[in-house]
Amino acid sequence: MERVRTLIVADLPPVRAGLSALLRRDETMLVVGESSARRETVAFALKAGRVDVVLLDAASSSPEALKLTLEALSGVGPHPALVVIGEQPAREFPTLAASDWLPGWGYFLRDKGDGAIQLAAALRAAALGTIVLDRHLRLGASLVPAPALAEDLTPREREVLALLALGLPNKQIATKLGVTPHTAKFHVAQILHKLGAESRTEAVTQAVRRGLVTL
């Protein structure tokens, strides 16, 4: 299995060293660099070699860390995914969720996850183009920029939506729920219609912004 090439970004050197040591415990992770949360240093690190995902510890960095990191990411192509370590309340979440040009992204709460295993899983999922939210994350109304749904999703549609967020195709969704692929396809179409989305990825993004999906 090809390892996920990860760039660690945080203002404090001890935090960067700690995250690096944590990820090195997982054989699927490859830490390719460390950087402070300054636009210039992040940009320089990104140009040094291929990066699949950037891990930003916003909880230990300046309030401008996410903004500066996103600016650096926007200047390279293809864009790496981005996973942010934050705290409650999740002040960085609206900015992160609005960055729909990211191929994949996630929000991971400091001291609320399950250590290296959970963090590595979030990084792998984001690198594959998935939106990943810490299961402990609570999104207040002030953090959800999108309007309420015109129509409520049914319990079954919410189940399908959660599986969509995991990146599963219709056939696997059908198997998980014990329904036919045709039924799964119908539910996906209904979800896209209710969310006003044109694609599965856009549907998941809209759902995350509304706080409908957590992983």
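## A parallel sheet and an aromatic cluster

Just after helix α6, glycine 167 takes a positive phi of about 85 degrees. The helix that precedes this glycine, α6, spans residues 155–165, and its buried residues are Glu157, Val160, Leu161, Leu163, Leu164 and Ala165. The spacing of such positions can be read against the geometry of the helix: an α-helix has 3.6 residues a turn, so residues three or four places apart point the same way. These descriptions, like those that follow, refer to a predicted model.

**The chain as a whole**

The secondary structure of the chain consists of nine helices and six strands. Of the 215 residues in the chain, 49% are buried, and the accessible surface amounts to about 10700 Å², with 53% of that area belonging to carbon and sulfur atoms. When contacts between residues at least 6 apart in sequence are considered, 69% of them join residues at least 24 apart.

**The sheet**

Six strands form an open sheet in the order β2-β1-β3-β4-β5-β6, and their pairing is parallel. The edges are taken by β2 (29–35) and β6 (131–133), each of which pairs on one side only. On average, and with direction ignored, neighbouring strands of this sheet are turned by 20 degrees against each other. Helix α2, which covers residues 39–47, packs on the sheet and touches β1 (4–9), β2 and β3 (53–57), while its direction makes about 160 degrees with that of β1.

Towards the β2 edge, β1 and β2 are paired in the parallel sense over six bridges, and within this pairing isoleucine 8 has glutamate 34 in β2 as its bridge partner. Between these two strands the chain passes through helix α1 (residues 13–23), and the resulting β-α-β crossover from β1 to β2 is right-handed.

At the β6 edge, strand β5 (residues 105–109) runs parallel to β6 and is joined to it by three bridges. Here glycine 106 stands opposite valine 132 in β6.

**The aromatic cluster**

Which residues do ring pairs link into a cluster? They are Phe93, Trp105 and Tyr107, and a search of the whole structure finds two aromatic pairs. A pair of aromatic rings is described by the distance of the centres and the angle of the planes, and these values are set out below.

| Ring pair | Distance of centres | Angle of planes | Arrangement |
|---|---|---|---|
| Phenylalanine 93 and tryptophan 105 | 5.8 Å | 65 degrees | edge-to-face |
| Phenylalanine 93 and tyrosine 107 | 6.3 Å | 75 degrees | edge-to-face |

The pair of phenylalanine 93 and tyrosine 107 links distant parts of the chain, with phenylalanine 93 in helix α4 and tyrosine 107 in strand β5, 14 residues apart. The pair formed with tryptophan 105 likewise links distant parts of the chain, since phenylalanine 93 belongs to helix α4 (residues 93–98) and tryptophan 105 to strand β5, twelve residues away.

Are the members of this cluster buried or exposed? Phenylalanine 93 has a relative accessibility of 0% and therefore counts as buried; tryptophan 105, at 2% relative accessibility, also counts as buried. Tyrosine 107 is buried as well, as is its partner phenylalanine 93. As for the strand that carries two of these rings, a general point applies: in a regular strand the side chains alternate between the two faces of the sheet.

Note on methods:
Residues are numbered from 1 along each chain as its sequence is written. This is a predicted model: local features need pLDDT of at least 70, side-chain atom pairs count only at pLDDT 80 or more; totals for chains, interfaces and linings use all residues. Side-chain values use heavy atoms; hydrogens and water are left out. Two strands pair if DSSP finds at least two bridges between them. Helices (H or I, at least four residues) and strands (E, at least two) are DSSP runs, numbered from the N terminus. Axes are lines fitted to C-alpha atoms, for helices over the stretch in contact, and angles run from 0 to 180 degrees between N-to-C directions. Contact means heavy atoms within 4.5 Å. Buried means under 20% relative accessible area, exposed over 50%, partly exposed in between (1.4 Å probe, protein chains only). Rings of Phe, Tyr and Trp (its six-membered ring) pair if their centres lie within 6.5 Å; planes under 30 degrees apart count as stacked, over 60 as edge-to-face and the rest as tilted. Accessible areas come from the Shrake-Rupley method with a 1.4 Å probe; for residues, only the protein chains shown count as cover. A crossover is right-handed if, with the strands pointing away from the viewer, the path from the first strand over the helix to the second runs clockwise.
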